[in-house]
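Q: I am new to this structure and would be grateful for a close look at a single part of it. Please describe that part in detail and then place it in its surroundings.

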Amino acid sequence: MKRSIWISIILITTLCLFAITTVADAQEESAVEAQEYVPLTDASKKSKQVYTQLMHAVYSQAFNKDISNAKRIYDELVIQAADSAFVWYKRGRLRYVMQDVRGAEKDTRQALKLNLLHVQATWQLAQILADRATHAGQRPGEEVLETLKKVVELDSGHIMAHHMLANLAYQHGELDIAETSFKALTRVMPFEPTFHSRLGDLYQRLEKPQEAIDAYKRVIKINPDDMRVLKSLGYLYLTNGVLEEAQQTYQQILSVEPQDVRSNLALGLVLQEMAQRAVVSENENSASEGIDKEKLIQDAEKYLGRAIFFSSEIINRTENQRRRNVYNKILVDAQFALANVYFLFEDLEKAEELFLQVLENDSTHVNATYLLGAVYQTMDEFEKAEKTFRKVLSFEPTHADALNALGYLYAERGVNLDEAEALIKRALQKFPKNGAYLDSLGWVFFKQGRIAESITTLESANQQMPNSVEVLMHLGDAYHKNGEPDKANRIWQQALTIEPDNSELQERLKQ
């Protein structure tokens, strides 16, 4: 059956209900007892005439497509039934179809003046006001928003009104209202992924990551191949540290879009964070259970290598400077992440090479400069490390890690100890309870021969980092230097339980 016939049937049904109600009201006015035949009252006759004309107008509009005749009938009806909100609403509807927007608004407002609770007229007014704003090149304003609120207040299941209200409220920043309407839409149409998707976007804007994740997961349950939502879900998993789910999500994306640059980078960043956690776990527990380091490095090389390759290709073939800048940042981020994975797993030569590549593309990259200095420090290349840490401080004079690293570099070599003390104290001004910084300062005091201060400071460092072998080793050295061999041996023995194969500790315990 054609759609127009369905529309006509709906309209006729509505008109019938309207007529039945009107006739019933008119008959009720007569006090005649029930008989086989009840003569029509004047009100009944008027209702009959109005109903007949309404049917004629509907037929002219829907079947004969005779808009002008339908308009003529409605013009007569608003005179005959001037107190009928439904008649004014119907003429307003016709004028709206005829693109007489001003006339449609006038009639619709008259309908609402007669019946403030008329749902259809309220919805129609919202549509008219929104269209007027759009045609004027403006964003629908507060009156549209308030009218839509009234519609859903009158009819909580009005899908179209909820949809328009949710989108408009989202644009206006009235996110609580948008949330209510999107949630209403998901209840009415639970298997429509669009509404769950928009709800997820809204929760992201509200900084409610778990709610956003739950909404996006419902989308994927309905439509597993929605790439936009999968990417949003992967981002939320990554930024909230849910690494296994992030890894699985990005692998799913890349199984469909293997050349997606951002997803390759994102998966690489997930692997970088996994590497970081593996190192922390190893330091705290002497083993990083469940982490296959070789596999992790291979995967990082694979996905970050792709991000580097594809972004380089885009940079080389585009002349759009903005696009070049975007992909140059992706290139740098991928190089930095891969370099950091190499550094974390002590592949120092590859780490050095990649950090240098980062600095070729971004000479002021502070973190790459700092970590390059850390690579040189680990490689015992004192002059390169000193130069690189000073470069970091030329970019960012209050960079706490660089201040501490340079100070500790001097302390280890027993040079520039006064400057080392000053550098580390500047770092501690920013982070006074940082155990690594306290350890560095305690070691400077040790090298300066200020053993009592060294012990006090290293004890504070041990309180902050009770499982750090390096701190325990330094504290034991300070006790030993202070003529307290029993304390020293007890501390070194404690460190040896954490790293049983540590040769330096074994040598100390033989003293």
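A: The following account takes up helix H6 and then turns to the helices, loops and charged pairs around it.

The model is a predicted one. Its protein chain contains 26 helices and zero strands. Of the 511 residues in the chain, 46% are buried. Among the contacts with a separation of 6 or more, 49% join residues 24 or more positions apart.

Helix H6 spans residues 119-135, which amounts to 17 residues. From its first C-alpha to its last it reaches 25 Å, close to the 24 Å expected at 1.5 Å a residue. Its buried residues include an unbroken run given by Ala121, Thr122, Trp123, Gln124, Leu125, Ala126, Gln127, Ile128, Leu129 and Ala130. Ala133 is also buried. The buried residues of H6 pack against four helices, namely H4 (85-97), H5 (101-114), H7 (142-154) and H8 (159-172). Just after H6, Gly137 adopts a positive phi of about 75 degrees.

Two of these neighbours, H5 and H7, are also joined by a charged pair. Glu143 in helix H7 and Arg109 in helix H5 form a salt bridge, with an N to O distance of 2.7 Å. The two residues lie 34 residues apart, and the pair thus links distant parts of the chain. Glu143 is partly exposed because its relative accessibility is 40%. Arg109 is likewise partly exposed, with a relative accessible area of 33%. As a general matter, side chains of opposite charge can pair when their charged atoms come close.

The loop between H4 and H5 holds Gln99. This residue has a positive phi of about 65 degrees although it is not a glycine. In general, most residues other than glycine have a negative phi. Gln99 counts as exposed because its relative accessible area is 69%, where the cut-off is over 50%. A network of salt bridges links Lys71, Asp75, Arg91, Arg95, Asp100 and Asp107.

The remaining neighbour, H8, leads outward to another helix. H8 packs with helix H10 (residues 193-205) at an angle of about 25 degrees, and their axes are 12 Å apart. H8 is therefore roughly parallel to H10, since angles under 35 degrees count as such. The crossing of the two helices is left-handed. On the H8 side, His163, Asn167 and Tyr170 take part in the contact. They meet Phe195, Arg198, Asp201, Leu202 and Arg205 in H10.

Beyond H10, the loop leading to helix H11 (209-222) contains Glu207. Glu207 has a positive phi of about 60 degrees and is not a glycine. At 68% relative accessibility, Glu207 is exposed.

For comparison with the charged pair described above, another part of the chain may be considered. The structure holds 28 salt bridges. One of them joins Arg508 and Glu504, whose closest N and O atoms are 3.8 Å apart. These residues are four apart in helix H26 (residues 503-509), so about one helical turn separates them. In an α-helix, residues three or four places apart point the same way, because there are 3.6 residues a turn. Arg508 is buried, at 16% relative accessibility, whereas Glu504 is partly exposed at 46%. A further salt bridge is formed by Glu507 and Lys510, at 3.8 Å from N to O. Lys510 is exposed, with a relative accessibility of 64%.

How values were computed:
Residues are numbered from 1 along each chain as its sequence is written. This is a predicted model: local features need pLDDT of at least 70, side-chain atom pairs count only at pLDDT 80 or more; totals for chains, interfaces and linings use all residues. Side-chain values use heavy atoms; hydrogens and water are left out. The expected span of a helix is 1.5 Å times one less than its number of residues. Buried means under 20% relative accessible area, exposed over 50%, partly exposed in between (1.4 Å probe, protein chains only). Contact means heavy atoms within 4.5 Å. A salt bridge is a side-chain nitrogen of Lys or Arg within 4 Å of a carboxyl oxygen of Asp or Glu. Axes are lines fitted to C-alpha atoms, for helices over the stretch in contact, and angles run from 0 to 180 degrees between N-to-C directions. Angles under 35 degrees count as roughly parallel, over 145 as roughly antiparallel, 65 to 115 as roughly perpendicular and the rest as oblique. A crossing is left-handed if the near helix is turned anticlockwise from the far one by less than a right angle, and right-handed if clockwise.
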